[in-house]
Amino acid sequence: MVEFHSTTICGVKKDGVTAIAGDGQVTMGENVIFKGNAKKVRRIYGGKVVLGFAGSVSDAFSLSEKFEGMLNKFSGNLMRSAVELAELWREGKAGKLDALMIVADASTMLIVSGTGEVIEPDEGIAAIGSGGNYALAAARALTQNTDFDAETVARKALKIASEICVYTNDNIICETV
C-alpha cells in the first residue's frame, strides 16, 4: 500500500501572537515528492482557531475534522475540545490515526495526536512532522537570540528545516492568531 505523508509544522507563541507555519510537501512512499504546494495550515471555527497537521494525509484530515467537530460542540473552547477528543481514544471509540496537529487560538497552543494525547508545549514553541525536530531547534534558537516576532520565527524555522530535512520544502504557509 502506498502512503502519502505530509511533513513539517511549527507553532510559535510570542508577545500575544501565535503563528503556525507549515511546508507544502507531500511525499509518496519514501522517495517521491508527490506534491509541493499542499496547504497543511488553515483557519477553522470562523477564523478564531489555526490548525496545522502532519502525518498520513487521510489520517490528518480525519483528525482535523474530528477536532473541528469538537470545537463546534464546545463553542470554540480549544482546551475542552482537545480533551474531549482525547477522551474518544480513552473510551476506545476511536482508532489510531497516524497524524499530529498543532492547534491554537488567541490564548492557547496545543499539540494533539491521533492516539489521544494533548500536550501544551514548553516555551510556547511546538513542531511536528519529519522535520519537526529541526524546526523546533531553530525556533528555540531564534526566539532566544533575536527579537523576531512569532510569524518570522515560525517561517524562518521552517525554512531552516527545509534545508536539512528531505521531507520538508520551503513552500511555507503561515497563519497567525
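**Close-ups of a predicted model**

**View 1. A salt bridge inside helix H4.** Arg-155 and Glu-151 bring their side chains together in a salt bridge, 3.0 Å from N to O. The model here is a predicted one. Both residues sit in helix H4, and because they are four residues apart, about one helical turn separates them. Arg-155 is partly exposed, at a relative accessible area of 31%, and Glu-151 is also partly exposed, at 29%. Searching the whole structure turns up seven salt bridges.

**View 2. Lys-159, Glu-163 and Asp-170 in a salt-bridge network.** Two contacts make up the picture here. Lys-159 meets the side chain of Glu-163 at 3.4 Å, N to O. Lys-159 also has a salt bridge with Asp-170, where the closest N and O atoms are 3.4 Å apart. Asp-170 belongs to the loop between H4 and E12 while Lys-159 belongs to helix H4, so this pair ties together parts that are eleven residues apart in sequence. How open are these side chains? Glu-163 is exposed at 57% relative accessible area, Lys-159 is partly exposed at 35%, and Asp-170 is partly exposed at 47%.

**View 3. Lys-40, a buried lysine with polar company.** Look for Lys-40 in the loop between strand E5 (32–35) and strand E6 (41–44). Its relative accessible area is just 2%, so Lys-40 counts as buried. What does the Lys-40 side chain touch? A polar contact of 3.0 Å links the side chain of Lys-40 to that of Asp-23. A polar atom of the Lys-40 side chain also lies 2.6 Å from the backbone oxygen of Gln-25.

**View 4. Phe-53 and Phe-61, a tilted ring pair.** The aromatic pair count for this model is one. The ring centres of Phe-53 and Phe-61 are 5.2 Å apart and the planes are at 55 degrees, so the pair is tilted. Phe-53 is buried at 3% relative accessibility, whereas Phe-61 is partly exposed at 38%.

**View 5. A nonpolar patch on the surface.** Tyr-134, Ile-160 and Ile-164 form this patch, and together they have about 260 Å² of accessible area. Ile-164 sits in the loop between helix H4 (150–162) and strand E12 (173–176), and is partly exposed at 48%.

**View 6. Zooming back out to the protein chain.** The chain has four helices and twelve strands. Its radius of gyration is 15 Å, close to the 16 Å that the globule rule gives for 177 residues, so the chain is as compact as a globular protein of that length. Along the principal axes, the C-alpha atoms fill a box of roughly 45 × 40 × 25 Å. Of the 177 residues, 49% are buried.

Terms used
Residues numbered from 1 in each chain as written. Predicted model: local features only at pLDDT ≥ 70, side-chain atom pairs only at ≥ 80, totals over all residues. Heavy atoms only, no water. Helix = DSSP H or I, 4+ residues; strand = E, 2+ residues; numbered from the N terminus. Buried < 20%, exposed > 50% of the residue type's maximum accessible area, 1.4 Å probe, protein only. Polar contact = N/O pair within 3.5 Å; in protein donor to acceptor, adjacent residues only side chain to side chain. Patch = residues over 30% accessible without salt bridge, like charges linked within 9 Å, V, L, I, M, F, W, Y side chains within 5 Å. Areas by Shrake-Rupley, 256 points an atom, 1.4 Å probe, with all protein chains shown as cover. Salt bridge = Lys/Arg side-chain N within 4 Å of Asp/Glu carboxyl O. Phe/Tyr/Trp six-rings, centres within 6.5 Å; stacked < 30°, edge-to-face > 60°. Rg over C-alpha atoms; globule rule 2.2 N^0.38 Å.
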